[in-house]
Each structure stands twice: as structure tokens, then as C-alpha cells.
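Reader: I would like to go through this model by question and answer, starting with its pockets. Please keep each answer brief and end it on the value or name I ask for.

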Amino acid sequence: MRKIIVHLRGGLGNQMFQYSFGRALAEDNNCELVLDNWSGFIRDQYRRKYELHNFPIKARLIKPLERFPIWIYRIKKRLLNQNKNFNEKILNNLIINETEKKFLSNISKIQINKNVWLNGYWQSPLYFNHHEKILKTELRPPIPKSNKILKLGERMKNSNSVAIGIRVYEESDDPSSHSKDRKIKSPQEINSVIEIIKKKYQNAKFYLFCTYNSPFLEKLDLPKNTISIFSNNEPKRHLDKLWLLSQCKHHVFNNSTFYWWGAWLSSLNHNYSDQDIFVSDNFLNDNIILNEWSKF
């Protein structure tokens with residue numbers, strides 16, 4: 001049986017995008033989905049790890065011998081200093097590379113008659129939105145075990161809750177490298193959206209999500225009763241945080257794939273027509289924002 005092999009890398013949000021594209025492509029072409037949960041993490045500078053095992057996904061993990069094509073490909077590129085082509089053949093495998101930070105429509109023209117490797121981040125719902133129902137089942141975050149978190153999620157679900165997701169890339173030496181044209185959203189730009197929501201929903205309850213208590217957050221015009229939810233990168237806290245995000249009705253977030261997934265999964269509990277979702281326009285991939293969402 002032909003295989004779609006996903007070369008996973010990055011944090012949980014990126015892994016979810018990579019899985020979603022692989023899952024959709026495998027479903028469309030009647031292929032087995034295989035996840036390389038090792039090659040992309042062995043030298044990760046931020047010590048990120050494979051996290052998709054926490055979800056009821058439909059894929060198997062790669063076997064050691066199956067990794068040879070991607071390692072031969074990477075060594076070849078490094079030694080010859082070659083640029084990536086959209087697709088390349090290695091050991092009777094086809095490597096499909098994400099050559100641009102946008103939706104690559106020529107994917108649909110690929111004839112899958114051999115094993116295919118997906119090498120990229122694939123941060124666009126255009127790759128998988130035709131299988132939205134499947135993915136919202138398989139990527140639904142697990143229900144937390146903490147009663148405190150469950151009660152908080154219940155309050156979020158049954159009110160005009162607003163998730164403010166702020167990613168400051170504090171672990172990076174150059175945070176601007178994670179944004180389009182190196183433009184970082186200012187507190188003033190985020191405050192303009194917060195003001196819109198305050199005026200529209202007099203009873204809105206705000207929840208601030210961030211990985212740590214950054215000085216940036218002090219510049220946000222949030223109500224005094226805002227609940228702040230900070231967490232480190234421990235997998236369990238990641239999952240609880242994602243679950244809480246999915247319970248919130250309205251969303252405002254900057255260029256973070258993790259907060260993107262929180263907003264996308266929130267439609268499991270709310271209707272898009274009743275939601276206000278504001279997304280910063282500085283994501284690296286131009287095609288990441290849904291038509292139902294608003295850019296700022």
C-alpha cells in the first residue's frame with residue numbers, strides 16, 4: 001500500500017497542521033498515513049517533541065528503516081548546497097517540499113503512485129478543509145482531569161467569553177522572524193480590537209492566554225477582572241490550555257498556530273455565525289486565515 005509520510009517538526013500547532021494535510025492527502029488517495037515522529041526533533045533547538053499521541057489520530061508511527069529517504073535527501077541537500085524543488089525523487093520515494101509560504105495549489109496535480117514524503121509546515125486550512133469533520137474529531141483536545149479546569153471551561157462555554165492569545169516568542173533570539181515582513185503586532189493594534197469587543201458585548205468576560213507574564217501584556221487595555229492563564233511548554237498544560245481555548249466563544253490572537261487551532265476548534269462548541277474571531281495579518285503563510293474570520 002502506498003504511504004503518505006509526514007516529516008513532523010515544530011511545536012504542537014505546527015504538528016497539527018502537518019498532520020491535517022497528511023491525513024487529508026492520505027484520505028483522498030487511499031494511502032496509509034505514517035508519521036515521522038523522530039527525524040524533525042532530534043536536533044530541535046527548542047527541545048520540542050512529538051505531541052500528537054495525545055489525540056485519537058488515524059496514523060502509525062514510522063519504523064527506523066523507513067526514515068532512510070528523508071535522511072539521504074537532507075544529507076544530499078546539505079552536501080551539494082542545493083535549493084529545494086517542489087518535488088524530488090529519492091529511493092523511489094517522492095519528496096514534496098513546501099517551497100513558498102502560501103497554499104500551493106499544484107499539490108492537487110501530483111500523481112501519487114509511490115510513497116510520498118511531506119516536508120514543510122503547510123499552515124493553511126486550504127489543504128484540509130474538505131475533511132474538516134474528520135479532523136475536528138481526531139484533533140479534539142482531551143478533556144482535562146482537573147475539576148478546576150473543567151469548571152473554568154464550563155463558564156467559558158456558556159458566556160460571551162473572549163480568549164486573548166498572545167505569543168511573544170520569548171524563546172527566540174529574533175521574535176520578528178516569526179512574523180510576515182518582520183512586523184510584530186503592537187499593543188495598540190490589539191487594543192483596537194479589544195475595544196470593538198467591549199462595545200459589542202457589554203457582558204464579555206476576558207481570558208488572557210500567554211506562555212509567560214510578559215511586560216507586553218501590561219500594555220493591553222483589558223478589564224480588571226480578566227483571568228490570566230499562563231503555562232509553560234509541558235505537554236499536559238499545553239493540552240489543557242488548548243481545551244480551554246476551544247471552550248471560548250470569541251477569539252483575538254496574534255501570529256501563533258497554537259492559538260489558531262484553539263479558535264478553529266472552538267466551532268465544536270459554538271457556531272461561527274455567533275462568534276467574533278480576530279486574527280493578526282502577520283502570519284508567515286498568507287493563506288492561513290479563514291474567510292469567516294476578521295484580520296487586524
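Reader: Which residues lie nearest the centre of the largest pocket?

Author: This is a predicted model, and the pocket is taken from it. The largest pocket has a volume of about 1200 Å³. Its lining has 46 residues, and those nearest the centre are Gly10, Gly11, Asn14, Arg48 and Tyr121.

Reader: Which helices each supply at least two residues of that lining?

Author: By class, the lining of the largest pocket divides into 12 nonpolar, 19 polar and 15 charged residues. The helices that each give at least two residues to the lining are H1 (12–29), H6 (235–247) and H7 (257–265).

Reader: Is Asn14 buried or exposed?

Author: Asn14 is found in helix H1. Leaving out residues up to four places away in sequence, Asn14 touches Arg9, Tyr121, Gln123 and Thr257. The cut-off for buried is under 20% relative accessible area. Asn14 has 12% relative accessibility, so it counts as buried.

Reader: How many charged residues are in the lining of the second largest pocket?

Author: The second largest pocket holds about 320 Å³ of space. Its lining has 14 residues, with Lys148, Ile149, Leu152, Ile229 and Leu244 nearest the centre. H4, strand S9 (227–230) and H6 each supply at least two residues of this lining. By class there are 5 nonpolar and 2 polar residues, and the number of charged residues is 7.

Reader: Where is Pro142, and which residues does Pro142 touch?

Author: Pro142 sits in the loop between helix H3 (132–138) and helix H4 (147–157). Its relative accessible area is 31%, so Pro142 is partly exposed. With residues up to four places away in sequence left out, Pro142 touches Asn54, Phe55, Leu239 and Trp243.

Reader: What separates the C-alpha atoms of Pro142 and Gln275?

Author: Along the chain, Pro142 and Gln275 are 133 residues apart. In space, their C-alpha atoms are separated by 23 Å.

Reader: How many salt bridges are there?

Author: Side chains of opposite charge can pair when their charged atoms come close. The cut-off used is a side-chain nitrogen of Lys or Arg within 4 Å of a carboxyl oxygen of Asp or Glu. By this rule the number of salt bridges is 16.

Reader: How are Lys136 and Glu132 placed in helix H3, and which residues form a network of salt bridges that share partners?

Author: Lys136 and Glu132 form a salt bridge, with their closest N and O atoms 2.6 Å apart. The two residues are 4 residues apart in helix H3, so about one helical turn separates them. Lys136 is buried at 8% relative accessible area, whereas Glu132 is partly exposed at 28%. As for the network, salt bridges that share partners join Lys3, Glu32, Arg60 and Glu66.

Reader: What is the N to O distance between Arg60 and Glu66?

Author: Arg60 is partly exposed at 24% relative accessibility. Glu66 is buried, with a relative accessible area of 13%. Their side chains meet in a salt bridge, and the N to O distance is 2.7 Å.

Reader: How far apart are the closest N and O atoms of Glu100 and Lys102?

Author: Glu100 is partly exposed at 43% relative accessibility, and Lys102 is partly exposed at 35%. The two form a salt bridge in which the closest N and O atoms are apart by 3.6 Å.

Reader: Which cysteine sulfur is nearest to that of Cys248?

Author: A search of the whole structure finds 0 disulfides. Cys248 is in no disulfide, and the nearest cysteine sulfur is 15 Å away. That sulfur belongs to Cys210.

Reader: What is the phi of Asn81?

Author: Most residues other than glycine have a negative phi. Asn81 is in the loop between helix H2 (68–80) and strand S4 (87–90). At 70% relative accessible area, Asn81 is exposed. Asn81 is not a glycine, yet its phi is positive, at about 55°.

Reader: What is the phi of Arg182?

Author: Arg182 lies in the loop between strand S7 (161–165) and helix H5 (187–200). With a relative accessible area of 48%, Arg182 is partly exposed. Although Arg182 is not a glycine, its phi is positive, at about 60°.

How values were computed. Residues are numbered from 1 along each chain as its sequence is written. This is a predicted model: local features need pLDDT of at least 70, side-chain atom pairs count only at pLDDT 80 or more; totals for chains, interfaces and linings use all residues. Side-chain values use heavy atoms; hydrogens and water are left out. Buried means under 20% relative accessible area, exposed over 50%, partly exposed in between (1.4 Å probe, protein chains only). Contact means heavy atoms within 4.5 Å. A disulfide is a pair of cysteine sulfur atoms within 2.5 Å. On a 1 Å grid over the protein atoms alone, a cavity is a set of points where a 1.4 Å probe fits but cannot get out, and a pocket is an open set with protein on both sides within 12 Å along at least five of seven lines; lining residues have an atom within 4 Å of a point. Grid points are joined across faces, edges and corners, and a volume is the space filled by probe spheres set on the points. Ala, Val, Leu, Ile, Met, Phe, Trp, Tyr, Cys and Pro count as nonpolar, Asp, Glu, Lys and Arg as charged, and the others, Gly among them, as polar.
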